[in-house]
Amino acid sequence: MVSDTTTTALPEPRTERIAWRGRRHRWTVRWSPYAYLAPFFAFFAAFGLFPLLYTGWASLHRVELTAPTDMEWVGLRNFSRLLVDEFFWNALRNTVTIGLLSTVPQLVMALGIAHLLHHRLRGSMFFRVVALTPYATSVAAATLVFVLLFGRDYGVVNWALGLVGVDPVDWQNGTWTSQVAVSTIVIWRWTGYNALIYLAAMQAVPDELYESAALDGASWWRQFVHVTVPSLRPTILFTCVVSTIGATQLFGEPLLFNGSAGATGGSEHQFQTLGLYLYEQGWVNLHLGRASAIAWAMFLILVLLGAAVALVGAYRRRTG
């Protein structure tokens, strides 16, 4: 007996739906990552790339903030003027000095605080929150508080110095004193933030390294020097680079430290940074072309520093 077997074909609409779903799935897998990233690139193009390119274009023109569309081509004249501008070099020196005064103690203290928190300090969660609190504080609020602390006549710092026989210090009008005071504000705001970065890196260091060092008789200090610090070299380099970028862009603290001086950074420009000088040229003197040249000069300085760090890292990897 022969039985007939018949193959039942799927209806045409159902076949089309299955094919459409397959194509849609392939499109989703292929293009969905770009769709997720599209908002970032859109915001970056609008608020990052376009201002950068426009600033570069404006730096090649004589243009005033009162008439930003009236541009007169001057080429590299705005940049050549910076080379003979004593105020630009003064701002650059102040930026380097304040950057060193704030970055070096800040990172050293952050490393020590992170090491203390890493060794199961009682109430460590509370101290982590306390360490991050200055970073969450407004720049304006923190600076105004430090202005009161560093007051010449009634400041707490001068009062404490008077207890040990030191005469009152005019923190705002001295060159080194004003830079130390501004650096203190930066140290207070960013030490805890860097400490938490170091703490996260320390928690990734294998405990076996500390146990081996303890078995070899290494003290707490030797473990820190010979185990912790070498393991944190990439993180330390990262914080140095980020702190350098932040120091180059320093603006709020020196602007508010002496409110009557405004963007001049003191009566003799003694703590005027590159950020303040840019603001003074662009929004006080209304020279948008010069301000754009200063902004690009700051960008090029950071690029050169980044290239130097990359070359040093490549050299160490090649020789090490």
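Buried means under 20% relative accessible area, exposed means over 50%, and partly exposed is anything in between, using a 1.4 Å probe and protein chains only. Keep that handy for these exercises.

You're looking at a predicted model, where local features need pLDDT of at least 70, side-chain atom pairs count only at pLDDT 80 or more, and totals for chains, interfaces and linings use all residues. Residues are numbered from 1 along each chain as its sequence is written, and side-chain values use heavy atoms, with hydrogens and water left out.

**Exercise 1.** Work out where pLDDT stays under 50.

*Solution.* Step one: pLDDT is the predictor's confidence in each residue, from 0 to 100. Step two: the protein's mean is 86, and 92% of its residues reach 70 or more. Step three: residues 1-5 stay under 50, and the model gives them zero contacts (heavy atoms within 4.5 Å) beyond four places in sequence. Where pLDDT is low, don't read the predicted coordinates in detail.

**Exercise 2.** Classify Phe44 and Phe40 as buried, partly exposed or exposed, then describe their ring pair.

*Solution.* Start with Phe44: its relative accessible area is 43%, so Phe44 is partly exposed. Phe40 has 53%, so Phe40 is exposed. Next, find them: both sit in helix H1, four residues apart, about one turn of the helix. (Helices, H or I with at least four residues, and strands, E with at least two, are DSSP runs numbered from the N terminus.) Now for the rings. Rings of Phe, Tyr and Trp (its six-membered ring) pair if their centres lie within 6.5 Å; planes under 30 degrees apart are stacked, over 60 edge-to-face, and the rest tilted. By this rule there are 18 aromatic pairs. Phe40 and Phe44 make a stacked one, 6.1 Å centre to centre with 20° between the planes.

**Exercise 3.** Find the cluster that ring pairs build around Trp171.

*Solution.* Follow the ring pairs: they link Trp171 with Phe146, Phe150 and Trp188 into a cluster.

**Exercise 4.** Decide whether His118 is buried or exposed, and list its contacts beyond four places in sequence.

*Solution.* First, locate His118: it lies in helix H3, residues 86-118. Second, check its relative accessibility, which is 18%, so His118 counts as buried. Third, leave aside neighbours within four places in sequence; His118 is then in contact with Leu199, Met202, Gln203 and Tyr210.

**Exercise 5.** Place Leu300 in its helix and classify it by relative accessible area.

*Solution.* Leu300 belongs to helix H13. With a relative accessible area of 41%, Leu300 is partly exposed.
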